[in-house]
Amino acid sequence: MDFSLTAEQEALRREVRRMLEGACPTTHVRERRGRKDLDAALWKRFVEMGLLAADVDALELALCAEETGRALAPVPWIATRVAQAAIVEAGGQAPEGPPLALVVEGEPLALDAHVAERVVVGCPGRLCFAEQIDVEPVETIDFGRWLARFTVGACTPIGPHEPALSRARDLGAVLVAAEMCGAAGRGLEIATAYAKERVQFDRPIGSFQAVQHRLVEVWTRVESLRALVQAAAWALGTRDRAASRLVSMAKAYAAWHVPAAMSAAIQVHGGIGFTFEHDIHLYYRRALVAAPLFGGPAEHRDRLLAEIG
């Protein structure tokens with residue numbers, strides 16, 4: 001069996017990376033710090049590239065999410081794709097242009113709901129569009145990601161609550177794990193480049209075995225996560241019976257290992273890695289905020305154990 005990506009999938013990943021490298025450098029991410037409004041110009045680029053289209057499958061979405069994580073893109077793309085999935089699974093017609101969000105009654109926070117034009121609400125027994133909702137933005141340590149507290153008023157039913165909500169949340173878990181993989185991969189690139197350039201005792205620090213081992217450990221975590229994410233995305237897209245198990249494996253692995261990997265990348269930099277001026281901390285911030293989204297490691301570990309008995 002061939003597990004490699006197709007030429008079309010590789011081309012999609014290249015185009016998304018090219019777009020984000022031009023439109024979303026880390027200087028732009030820093031400029032978004034503390035801003036709770038929608039990054040309209042960058043969002044327009046996502047819409048123009050078709051990244052909100054209904055015909056993008058789960059594996060392709062995961063490839064795109066890896067690139068958004070690499071760029072630390074400050075847009076509500078994952079929140080929108082999750083809401084779209086919930087609408088479609090419930091039998092509705094999902095809009096493909098405006099930012100959307102999914103909130104679940106009984107949960108304290110929702111991802112990027114403060115910039116959503118339409119909010120999908122998971123209520124007991126049904127999925128609804130919120131016609132009246134109060135949203136309070138909550139700033140995080142990630143410059144490009146906000147959460148929101150919410151109070152839901154009147155709603156318009158879309159369809160049944162399940163399995164729409166479960167599948168949408170599984171997609172969210174896969175996309176967040178993919179995004180964490182992208183952020184970790186970029187953090188690894190930065191740390192490796194620094195280890196080749198930084199000289200100590202008349203030698204690049206990358207020539208020291210202790211530094212090499214640390215970077216190899218990070219590489220192993222990134223590549224293992226990438227394999228898990230792609231397997232989970234494929235299973236989710238094909239509705240394979242192992243989908244929920246693979247989703248939990250990918251999200252739990254990401255939540256445990258990516259923050260640790262980015263901590264190691266910071267330490268490779270020595271003192272400069274702890275400064276605000278260096279970019280490496282931006283990827284650590286993304287990892288910390290992403291880890292609990294759509295279920296933290298304990299939740300997914302428990303779900304995995306329940307499934308395998």
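Arg226 makes contact with Glu66 and Cys181, once residues up to four places away in sequence are set aside. In this predicted model, Arg226 has its place in helix α7, which spans residues 209–238. With a relative accessibility of 19%, Arg226 counts as buried, because the limit for that class is under 20% relative accessible area.

Val16, in helix α1 (residues 7–23), offers a second buried position, with a relative accessible area of 0%. Apart from its neighbours within four places in sequence, Val16 is in contact with Met49, Leu51, Cys64 and Glu67. The chain also brings Val16 and Ala65 together in space: these residues are 49 apart along the chain, and their C-alpha atoms are separated by 9.5 Å.

The aromatic residues can be followed next. A pair of aromatic rings is described by the distance of the centres and the angle of the planes. Three aromatic pairs are found when the whole structure is searched. In one of them, the rings of Trp43 and Phe46 have centres 6.4 Å apart and planes at 10°, so this pair is stacked. Both residues belong to helix α3 (residues 40–48), where Trp43 and Phe46 are three residues apart, about one turn of the helix. An α-helix has 3.6 residues a turn, so residues three or four places apart point the same way. Trp43 counts as buried at 5% relative accessibility, and Phe46 is buried as well, with a relative accessible area of 0%.

Phe46 also pairs with Trp77, and here the arrangement is tilted, with 6.4 Å from centre to centre and 50° between the planes. Because Phe46 lies in helix α3 whereas Trp77 lies in helix α5 (residues 77–89), this pair ties together parts that are 31 residues apart in sequence. Phe46 and Trp77 are both buried. Taken together, the ring pairs link Trp43, Phe46 and Trp77 into a cluster.

Aromatic rings also meet charged side chains in this model. The charged end of Arg118 sits over the ring of Phe129, at 4.2 Å from the ring centre. Arg30, in turn, lies over the face of Phe276, where the distance to the ring centre is 5.0 Å.

From these side-chain arrangements one can turn to the spaces in the structure. The largest pocket holds about 410 Å³ of space. Its lining is made up of 21 residues, and those nearest the centre of the pocket are Ala54, Val56, Arg81, Ala85 and Leu171. Helices α4 (58–71), α5, α6 (164–197) and α7 each contribute at least two residues to the lining of the largest pocket, and the largest share, five residues, is supplied by α5. Sorted by class, the lining of this pocket comprises 11 nonpolar, four polar and six charged residues.

The structure also holds two cavities of 30 Å³ or more. In the largest cavity there is about 120 Å³ of space. Of the 16 residues that line the largest cavity, Asp37, Pro74, His114, Gly144 and Trp146 are the closest to its centre. The lining of the largest cavity divides into seven nonpolar, two polar and seven charged residues.

The second largest cavity has a volume of about 40 Å³, and its lining consists of Thr68, Ala73, Val75, Trp77, Ile78, Arg145 and Glu179. Trp77 therefore appears in two settings, as a member of the aromatic cluster and as a lining residue of the second largest cavity. By class, the lining of the second largest cavity has four nonpolar, one polar and two charged residues.

The path through the structure ends at helix α9 (residues 280–290), where eight of the 11 residues are buried, so that the helix is largely enclosed by the rest of the structure. The buried residues of α9 are Ile280, His281, Leu282, Tyr283, Arg286, Ala287, Val289 and Ala290. These buried residues pack against four other helices, namely α2 (26–31), α4, α6 and α8 (243–268). Of these partners, α4 and α6 have already been met, as contributors to the lining of the largest pocket.

How values were computed. Residues are numbered from 1 along each chain as its sequence is written. This is a predicted model: local features need pLDDT of at least 70, side-chain atom pairs count only at pLDDT 80 or more; totals for chains, interfaces and linings use all residues. Side-chain values use heavy atoms; hydrogens and water are left out. Buried means under 20% relative accessible area, exposed over 50%, partly exposed in between (1.4 Å probe, protein chains only). Contact means heavy atoms within 4.5 Å. Rings of Phe, Tyr and Trp (its six-membered ring) pair if their centres lie within 6.5 Å; planes under 30 degrees apart count as stacked, over 60 as edge-to-face and the rest as tilted. A charge sits over a ring if NZ of Lys or CZ of Arg is within 6 Å of the ring centre and within 35 degrees of the ring normal. On a 1 Å grid over the protein atoms alone, a cavity is a set of points where a 1.4 Å probe fits but cannot get out, and a pocket is an open set with protein on both sides within 12 Å along at least five of seven lines; lining residues have an atom within 4 Å of a point. Grid points are joined across faces, edges and corners, and a volume is the space filled by probe spheres set on the points. Ala, Val, Leu, Ile, Met, Phe, Trp, Tyr, Cys and Pro count as nonpolar, Asp, Glu, Lys and Arg as charged, and the others, Gly among them, as polar.
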